[in-house]
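Please open the model in your viewer and keep the sequence panel beside it, since each stop on this tour begins with a selection.

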Amino acid sequence: MKKEKVIPFVSVIIGLAAAYILFVNLDLEPYFRGKGEPVTMEDIKQDPGTDFAGSVPGEDVPRLSGKEEFETGGSVVYTAEPVDIIFTGAYELKPWVKPYTQRRTRKGRAYGAPKRKPKYLQYDNPDGFFQNHEDYLPFYLLKLPDGTYILAQIPKRDADAIQKGKHVTLPIGRRVLKGIPETLREKCEEYQAPVSGVYYAFCDTWYEENYTWMFLLRAGIAAAVCLAVSVFLITVLNRIFHT
């Protein structure tokens, strides 16, 4: 293949790779939702109808020291300061994502029944590589200060920070009772983590209202990066190889 064809091809491939990496790692929530003021237990008691999951916890929000507190504690909300985290390799369909894929279209007409997305996904190598799956939330095992583990679904940015050894105070979470796949139960048994509840740190209402436009914005930014990187590489390589 001639250099005149190789250079654009390689440049576009690199541009697509850069765009994909940016797309799956770009977290717009902090810029649009903001950290906000810390939420105290008094705020929660005064407004019991509001879902405070995902908010910044105040100093009086209970800190989980171990799984026993999580299983038997009387508080409806918690925060935690994990000392370690484990990627389980199990994923659950996000509650705010439509459970069905759109039907295929031909000449403006839809045909075929919509296909239902699987409720759970499981990967053999739980190293975090697949945790960016657009429609799914990963399950983690959080190691609490007393050395015990609990099952959790928390923002990726917090999970990455914990994995890097940083001190993290998690967003407000609540104990959610939900079914989990059998393979995940086996993982919990291995670490003696309870399967009766999951530490859940997302406000479903906020994500449901903002998910679509944030997805489109991320896609637009990634497309712009792909174009910029591709044009830059084509220009530079053409000058280097005098094509």
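Begin by selecting Q153 in this predicted model: its relative accessible area is 0%, and because buried means under 20%, Q153 counts as buried. Colouring by secondary structure places Q153 in strand β8, which covers residues 149–153.

Next, show side chains around this position. Which side chain makes a polar contact with the side chain of Q153? The partner is E92, with the two side chains in polar contact at 3.1 Å. If you then widen the selection, leaving aside neighbours within four places in sequence, the residues in contact with Q153 include E92 once more, L137, P138 and F139, as well as K178 and the run V198, Y199, Y200, A201 and F202.

From Y200 and F202, both in contact with Q153, the tour can move on to the aromatic residues, since ring pairs link W96, Y200, F202, W206 and Y207 into a cluster. Select W206 and Y207 within that cluster; both of these residues are buried. The structure as a whole holds nine aromatic pairs. In the pair formed by W206 and Y207, the ring centres are 5.2 Å apart and the planes stand at 85°, so the arrangement is edge-to-face.

The last two stops concern arginines placed over rings. Select R175 together with F70, where the arginine lies over the face of the ring at 5.7 Å from its centre. Then select R218 with F23, and you will find R218 over the face of F23, at 4.3 Å from the ring centre.

Notes:
Residues numbered from 1 in each chain as written. Predicted model: local features only at pLDDT ≥ 70, side-chain atom pairs only at ≥ 80, totals over all residues. Heavy atoms only, no water. Helix = DSSP H or I, 4+ residues; strand = E, 2+ residues; numbered from the N terminus. Buried < 20%, exposed > 50% of the residue type's maximum accessible area, 1.4 Å probe, protein only. Polar contact = N/O pair within 3.5 Å; in protein donor to acceptor, adjacent residues only side chain to side chain. Contact = heavy atoms within 4.5 Å. Phe/Tyr/Trp six-rings, centres within 6.5 Å; stacked < 30°, edge-to-face > 60°. Lys NZ or Arg CZ within 6 Å of the ring centre and 35° of its normal.
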